[in-house]
Amino acid sequence: MSEQITPEIFDHLVDLAALELSADQAEYLRKQLNNQLKSIHELEAIPLEGDVPISLHGVPYEAGESSEPREDEWHAYSDTRAILDQAPQLEDDYIVVPDIPHTSLK
Amino acid sequence: MELCDLSALELTRLLREKKTSAVEILQSTLQRIGQVDGRPGALDQTATDEDKEKVHSFITLTDELAYKQAAAVDADLAAGKDPGPLAGVPFTVKDIFCVKDTPSTAASRILANFTSPYTATPVEKMQAAGAVMVGKVNLDEFTYGSSTESSAFQPSTRNPWNTKHVPGGSSGGSAASVAAGEAPLSLGTDTAGSIRQPAAFCGVVGVKPSYGRVSRYGLIAFASSLDCPGPVARNVTDAAAMLQVIAGEDRHDSTAVKVSVPDYLSRLEAGVKGMRIGLSPDYFRITFPDPKTGEFCEQALPGEIEESVRHAAEVLAAMGAEIVEDVPMPNTRFGIPAYFVISRVEAASNLHRYDGVKYGLRTDRKYADLREMYKFTRNEGFGLQPKLRILMGMYVSAAQYSEQYYKRALRVRTMIRRDFETAFDPAGKYRLDALLTPTTPTTAFKMDAVYGDSVLMQYADQLTVPANHAGVPGLSLPAGLDGSQMPIGIQLLGADYTEEKLFQIGRAYEMATENEAWRRVKPAVLR
C-alpha cells in the first residue's frame, strides 16, 4: 500500500494542529501515522450490517442513571487567585495574549 | 516484615488496635521509598547507570503534606473520632489527577509548572477516608503509552521485579510503587489497559471499574469515553476496599452514574460455587503487525501465560465454579484498530486546550502573533506521543474521512460491546458470571525493546482494550511467574457494575493459591 499520508497532507495537518516540527520529528511521526493507518484498515475486515449503530461509550446509560443537568447559574469560585496565578501573562488580572493574526476568509 | 509491606486493611486494623500510628506507618513508607526509589523523575534528565538499579516511581513526593495528614489521623484516633475506613493508609496518585496545591504534570513538559487549584474527586474521597497521599507517581506522557517510557520526567519508572524491564503503563508508577512497598494502594487510570497491564507486569492487583463507576472530575483527560480511574493494590481485598471509597456519583461529572455501590467486602469470601466462568479462544491468540514487514500475523500466546489461565480455571472449577469453554469473542482483534481511531480523535480534542494562554508552559521564544506562540509552545511542550495523537486524531476525524474511520470505529465498538452482552446475557447460551483471560500477551518487556514503535506498543493492550470499548469492569491479578521470574497476570471481565462478583472470584483464587511457591518470591528490589 502506498503511503496514505503524503508529505503534503502531513504538512497541512501539522499546520492545522498548531504544531511546529523538526525534520527528524516530522519523518518519524509521518512514518508512525502511516503504520497506524495500516492497523486501522483492519477495521474494513469486519462485516457491519446496516443497522449497527454507533456507541458513544460502552455502557448504555438507562434513564435516571446520569446526574440531572445543573441549573445554569453563576457561582463565585472560592480562590480565583489560584487560577489567575497559573496564567503565563497577566495584566490587571486580565490574561494577556499576543496579537491575533488577521486572516481573510476565502 | 516492615509496616510498609503490610496490606492496607492490616494497617488500618493495627492502627485501630493502637499497635501502631499513622505517623509510624508513614515513616516506614518513606524509608522504603528512600531505599528503592532513587531520584524522582524530572525534566531534562537522563538515566545514569545508578538510576537503572532503582524504581523511580515518583515525580513529586508530598512528604510534608503526608505528615500533616498522618498526624491528623492520629489526632482523630486519640480524640475517639472515626478517621475513616482507610485511616493512615499511604497511597500514591498517578500524576494525571489534579491535587490542590500540588504539581499536576501529566508527565508532560507543557504542564510541568502547573499547580492545581482543586483536587480530583477520587483523591478527595481517599483523603476523606483517612488515606494519606505520599506523592504523585510517573506515567507515560498524558497516559499515552504502555511502558511509562514516554514520560517527560526521567528517569522513568522501572519494574521492581527486574529494573531492566518496563513496569508497563501508563500507570507504571502506580503499579511499581505498590509492588515495591512504597504504598499499599495507588490511584491509576485505565483507558486501554493502563491499570491492568502494569498491574500484571508488576505482580499486583489492578481494577478497571465499569465506565462511570468512578468520577473523572479532576482527571486530566485522554479519551473521555474510555477513561476510568481505578485502584492498584497488593491483594483483591485492598482493591475492593479502595473501590468502595472512590466509587459513586458525583455532581461534578455527569458520566459518574447514579447506580448504588454495593458493599464489596461483605460477600468477598463467599466463594465461586455455581458461578459460570468462561474461557474464550479469542483471548488465547493475538493479531499484531510484524515489526519488520508490517504484515499482520496471528500467533498463539506464550505457553506460560495460557497455562496460568488454564490453571486458574482448574482451581476455580475445583472450588465449584462451572468452566464454560469456547466462548466466542470474535471482535476482540478489532479492539486496537478501533482504539487507534476513537482514542486519537478524543485525545486531539482534549489536547487543544494546551495553548500557552491560561496555564502551563508558554514559550520563551519571540513570537510575532498568537498563532506563532501556539506553535512554538506546543512544539516545545508536547513530546512525540501527544503530537502523534493530535495528528492522527485530526486526520481520521476530518470531514472527508470521518465516515470511513471515526464512524466506522464507533460502530465496531458496538460490535465489541455485543460480544460481551452475548457472553453475559443471563438468558443466553453462555450466561457467564465472568470471562477469565490473560491480562497481557507477554510479561514485562525490556526497556527500549518496543519504545519508538507506536503500533507494536499499542498491541500490548490487545487483551485489555475490549473492556474499555464495552465499558465493562476488569480485574487483573497475579497468577505466577514466567521462566525469567517476571509476573504473569490473569484477567476477570464481567458485566456492567459487577465488580463485586469479580472481587469474589479473584479472592477465591487468591485463597486457593496462597501456598503456591511463587507467592513467596519477592520483587528483586526487595530481596
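In the predicted model, Leu436(B) makes contacts, beyond its neighbours within four places in sequence, with Ile277(B), Gly278(B), Leu279(B), Val309(B), Ala312(B), Ala313(B), Ile490(B) and Leu492(B). Both Leu436(B) and Ile277(B) belong to the group of residues with the most contacts inside the largest nonpolar core, a group that also includes Val132(B), Leu185(B), Leu391(B) and Ile505(B). This core comprises 177 residues. Its greatest contribution, ten residues, is made by helix 9 of chain B.

Helix 9 of chain B covers residues 335-351 and thus contains 17 residues. The distance from its first C-alpha to its last is 23 Å, close to the 24 Å expected at 1.5 Å a residue. Of these 17 residues, 16 are buried, and helix 9 of chain B is therefore largely enclosed by the rest of the structure.

A comparable analysis was made for strand 6 of chain B, residues 228-233. Six of its six residues are buried, so strand 6 of chain B is likewise largely enclosed by the rest of the structure. Strand 4 of chain B (residues 185-190) runs antiparallel to strand 6 of chain B and is joined to it by six bridges; within this pairing, Thr189(B) has Pro229(B) as its bridge partner. Strand 5 of chain B (residues 205-208) also pairs with strand 6 of chain B in the antiparallel sense, here over two bridges, and Gly206(B) is matched with Val232(B).

At the level of the whole chain, the secondary structure of chain B amounts to 15 helices and 13 strands. The radius of gyration of chain B is 22 Å, close to the 24 Å given by the globule rule for 527 residues, so chain B is as compact as a globular protein of that length. The C-alpha trace of chain B spans about 70 × 60 × 50 Å along its principal axes. Buried residues make up 63% of the 527 residues of chain B. Among contacts in chain B with a separation of 6 or more, 75% link residues 24 or more positions apart.

The contact between the chains involves 63 residues from chain B and 48 residues from chain A. On the side of chain B that touches chain A, at least two residues are supplied by each of helix 9, helix 10 (370-381), helix 11 (384-397), helix 12 (403-424), helix 13 (454-458) and helix 14 (465-470) of chain B. Helix 12 of chain B provides the largest share, eleven residues. By residue class, this side of chain B consists of 35 nonpolar, twelve polar and 16 charged residues.

Technical notes
Residues are numbered from 1 along each chain as its sequence is written. Chains are lettered from A and ligands numbered from 1 in the order in which they are written. This is a predicted model: local features need pLDDT of at least 70, side-chain atom pairs count only at pLDDT 80 or more; totals for chains, interfaces and linings use all residues. Helices (H or I, at least four residues) and strands (E, at least two) are DSSP runs, numbered from the N terminus. The radius of gyration is taken over C-alpha atoms; the globule rule is 2.2 Å times the number of residues to the power 0.38. A residue is buried if 20 or more other C-beta atoms lie within 10 Å of its own, exposed if 12 or fewer, and partly exposed in between; C-beta atoms are placed from the backbone. Two residues are in contact if their C-beta atoms, placed from the backbone, lie within 7 Å. The expected span of a helix is 1.5 Å times one less than its number of residues. Ala, Val, Leu, Ile, Met, Phe, Trp, Tyr, Cys and Pro count as nonpolar, Asp, Glu, Lys and Arg as charged, and the others, Gly among them, as polar. A nonpolar core is a set of buried Ala, Val, Leu, Ile, Met, Phe, Trp, Tyr and Cys residues joined through C-beta atoms within 7 Å. Two strands pair if DSSP finds at least two bridges between them.
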